[in-house]
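Q: Hi! I have a structure open and would like to talk it through. Could you help me read it?

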Amino acid sequence: MIEVEHLSKSFLDYRRGWVPAVFDVSFRCQPGEIFGLLGPNGAGKTTTLRMLSTVLRPTGGRATVAGYDVVDQPEQVRERIGFMSGGTGIYDRMSAWELVEYFGRLYGIADGPLHERMEQIFEWLQMNSFRDMLGSKMSTGMKQKVSIARTIVHDPPVLIFDEPTSGLDVMVARSLRKVIQDLRTRQKTIIFSSHDMAEVHKLCDRVAIIHQGRLQAVGRPSELLEQYGQADLEDLFFFLVDQADKVSGESAAI
Amino acid sequence: MRWKNVRTIFKRELKDQLRDRRTIFMVFVFPVLLYPIMGLSLGQLATAFQAKARKVVVVGAEFLPERQEHAGEGASSETVPLLTPEGKTFDPRLFDSLTEALLLEVECVPAKPPWTDAAERRTLLREGRADAVVLIPADLAGSLDAMDRTEIPIAYNSASEPSQLTEQRVARVLDRWKERIVEVRRVREGKPEGYDEPVRSTAEDVATRTEMGNSTWARIFPFLLVIMSLTGAFYPAVDLCAGEKERGTMETVLISPATRTEIVMGKFLTVMAASMATALLNLLSMGVTGFGLAVQAVGGLGDGMKSRGAALLQAPSLESLFWIALLLVPLAAFFSALCLALAVLARSMKEGQYYMTPLYLVALPLVMYSVMPGVELTVFTSLLPITGVSLLLKTLMLGDYATARRFFLPVFVPLVLCGLLSLRWAIDQFKSESVLFRESERFDVRAWLRHTVTHKLSRPSPAQALLCFVLMLVAAWFISMSAGFDVMALVAMHVGAILGVPLLLAFLLTSDPAGTLRLRPARTRYLLLGLILPITLFPQVCELRVLVEWLFPTPDILKQATGALEKMLSSAWLAWLVLAALPSISEEVAFRGFIFSGLERSYRPVWVIVISALMFGFMHVLLSLFAQLFNATLLGLILGLLAYRSRSLFPGILFHLVNNSLSLLVGIMAANPAFEGLSRILFRDKARLMFQPVWVALGAVLSACLILVLAKKRPAECMAASGRPE
């Protein structure tokens, strides 16, 4: 389970000073739940998730993953998290099998259980046809599957997928969503970020809409639609974005 | 750090590198192919170059005695010919072999323009019509008969290398011709052999064949070893850091449970393996090629040259090779850590390549310096990271193990320290998110400067601390260049450079200059320690100074300079002001003030103390004597500890002041006969300021206790220290 409280992150830019990328973000995510993070590019989704994966240090607030603090116990957090994003590529000069094995070893799994688990994963994700293929020769779909295998090799309780379907064809994207749904039935805590409203609507139990580094709304999709009186998630999204822009415009005018 | 993770990462990176065609080519294929091909083409080139005959125009050959129909009657039978009768070459008897004679092609022309005209001759030489022109004077035969001295000018063009070589060969031919003429005269007049050559020097070479061989290799191997281990480290380092960023796998590793230190160590070991493999393979390939070439070359020489030639290329001894391999380890480690730290900075492979140029620009002169003739291992050269290793290798290959043993530690320790510091830097880089997730941005100097001055932090950064150190050295150098070596220069250096630079930077770059320079009151306990510790330490300081002086004697020039300075400091008060009071303030402000605060912002206390002490020692080497390095560094460690514990500048100033004052005071006292009685109680060797064993022992025990007291953690103060402003 994931708890995020007032999380903020600013970057120092010598021309603009401290630029906030994420500001005062709070949410919770339970086991057996897919939590959707919806927002346009540059809204702060990846920065938020990178802080949860301990790669970036928050400049304010706190976050715990599976009971461990991301700042004070980063190693324990990383052991219990499966993280996949546009930034986590796979090695060109390693085969699918070698790559998953390598990360399995870094997670401290002994070779016997590791290979057993890898056989299961390769079977489940139908990766046996390219298990000895080098990363450089794989198609985008194959690479994505290897990334998923890498993400779940240590059977983590928490999984974070940052825009996993972007750039995939419909077939692969669909099977990937299927995998994520399967993982939900195994009682994993899952965060799924996307800028595709329909996808989020279909997959997620609860969503957070993020824009300009701030959370605009959090809740079940149906409840949110009701609350703001919008027909679908897309309308809701643009409604909230307009609202946020208006507010920031007014504050700038003042 | 878990070694299991380091091993897993190392194995993967190694496998990855071995699958990279470019690495394989650079590390394995390139050296194995390069040298044989180079050797082959060099051989071809040499033969082509050698076979080319040079053209000599002999102007006025008709004036040569051998060509005069009415040569002096008495001399005709003994005339020594300069040219062959056909006039196409010089007489072969004037050369060592016929082949050599054929390399100078002669064209005889009558003494008429254009060749007799100086201006036209110059044009003809420039046009390459001749490589050298010999002008035979018209009265040559006559003056030879009269035993006058005649000059035979050789015209050549020194701007052209072939012409220059030809001139040298022709001059040698004329020399031999002269010797033979003299010989004929000697025999004719019945003089003994020593008549014209009373003394002849003969050279006797005592070097054995192995030594001769070693000296050849000693010139080439260290150079190649250094350059190749750098080259071997660079490419994999860029691939492992910038390459990972570029291919988007860096974040994948960062989110694994491996810590940053483990990741860096795994990568570091990979780069080091590549560096060592490159260096060793290059040496091996070059050695084999060189040996092959030598055997070939020796085959073409005369018998006398054969053994000498073979000796020159005798393979280096196993012992030398063992030493090479041993020294390669810290060298490769140093380069690997340095390349890794630089490569992390780069966002892409392309950017990584840019960093190669400055690295080579620094490394190459350091290596080149070591292969310059006459450069030997001294304290100074041994402490330069790259030069020292290169020179030590040279010394070892020459079989001078006594020198090598003496300088082993001065070379080894700085190298290992530099390696550790670079590794530490690399790990820090890996922990910095601004380095790992760097995005390209527009760099604007004005905006950056404005930002630096307006967004001041309360403490300087480590980079600014380093900047302060470098600026201090540069400023001190300029002041010493313009002011020379006298009292005023010394004062100017301390005030202008060592005190001025940190003060200026503290006001310019930080929002809290007083805090940065640690100008806060200290507890009485630390002030007392600052007062007493230098006194108890003093006998050891003196012992160490004598030991260092014995190990690395001060050059005479420096001794004279120091003596002259002492004479200039006529009054004891002036000496105290310039040599004790001023330095203790300026050096503390710089090293325990600005630099210490800067380092403290991102390093652990142990590293802050070690790095600031090393900088302190290094500055003493550059600004005064090599021998001060050890004393200054050791005192720097204690001063650092004192500064860290007291969190104030003042105990350090007091310590420094007492220490420097004692040096002066004891020197004056030992020289003054009035204190004869006291001196006898204190010293066992008054001239060298060595204390009685009892004082040395007592001082050592007391100092050890005091340092222990100082080093021991107190819970209350640790709390205070951890609350230091970020």
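Q: Great. How many residue pairs are in polar contact between chain A and chain B?
A: There are 12 such residue pairs, both residues being at pLDDT 80 or more. A polar contact is a pair of N or O atoms within 3.5 Å; within protein, one must be able to donate a hydrogen and the other to accept it, and residues adjacent in sequence count only if both atoms are side-chain atoms. Keep in mind that this is a predicted model, where local features need pLDDT of at least 70, side-chain atom pairs count only at pLDDT 80 or more, and totals for chains, interfaces and linings use all residues. Residues are numbered from 1 along each chain as its sequence is written, chains are lettered from A in the order in which they are written, and side-chain values use heavy atoms, with hydrogens and water left out.

Q: Which elements of chain A supply residues to the side that touches chain B?
A: At least two residues each come from β1 (2–13), α2 (74–79) and α3 (96–106) of chain A. The largest share, five residues, is from α3(A). Helices (H or I, at least four residues) and strands (E, at least two) are DSSP runs, numbered from the N terminus.

Q: And what kinds of residues are on that side of chain A?
A: By class, 13 are nonpolar, nine polar and 13 charged. Here Ala, Val, Leu, Ile, Met, Phe, Trp, Tyr, Cys and Pro count as nonpolar, Asp, Glu, Lys and Arg as charged, and the others, Gly among them, as polar.

Q: How many residues of each chain are in contact, and what area do the chains bury?
A: On chain A, 35 residues are in contact with 37 residues of chain B, where contact means heavy atoms within 4.5 Å. Between them the two chains bury about 3300 Å², 54% of it on carbon and sulfur atoms. Buried area is the accessible area (1.4 Å probe) that two parts lose on being put together, summed over both.

Q: How many salt bridges are there between chain A and chain B?
A: The count is six. A salt bridge is a side-chain nitrogen of Lys or Arg within 4 Å of a carboxyl oxygen of Asp or Glu. A:Arg50 forms one with B:Glu251, with the closest N and O atoms 2.8 Å apart. A:Glu98 and B:Arg19 also meet in a salt bridge, at 2.6 Å from N to O. That pair crosses between chains, from helix α3 of chain A to the loop between α1 (3–18) and α2 (21–51) of chain B.

Q: Are A:Glu98 and B:Arg19 buried or partly exposed?
A: A:Glu98 is buried, with a relative accessible area of 15%, while B:Arg19 is partly exposed at 34%. Buried means under 20% relative accessible area, exposed over 50%, and partly exposed in between (1.4 Å probe, protein chains only).

Q: Switching to strands: what is the order in the open sheet of four strands in chain A?
A: The order is β2-β1-β4-β5, with antiparallel pairing. Two strands pair if DSSP finds at least two bridges between them. β2 (17–29) and β5 (68–69) stand at the edges with a single partner strand each, so one side of each is left without a neighbour in the sheet.

Q: How is β4 joined to β5 in chain A?
A: Two bridges join β4 (residues 60–65) to β5(A), and the strands run antiparallel. A:Val65 stands opposite A:Tyr68 there. A salt bridge links A:Asp69 and A:Arg62, the closest N and O atoms being 3.9 Å apart. A:Asp69 counts as buried at 12% relative accessibility, whereas A:Arg62 is partly exposed at 41%.

Q: What about β3 in chain A: which way do its residues point?
A: A:Glu33, A:Phe35 and A:Leu37 point one way, A:Ile34, A:Gly36 and A:Leu38 the other, and all are buried. β3 (residues 33–38) runs parallel to β8 (residues 189–194), joined by six bridges, and A:Phe35 has A:Ile191 as its bridge partner in β8(A). Four bridges join β3(A) to β9 (residues 206–211), also parallel, with A:Leu37 partnered by A:Ala208.

Q: Last one: how many helices and strands does chain B have?
A: Chain B has 30 helices and six strands. Buried residues make up 46% of its 726 residues.
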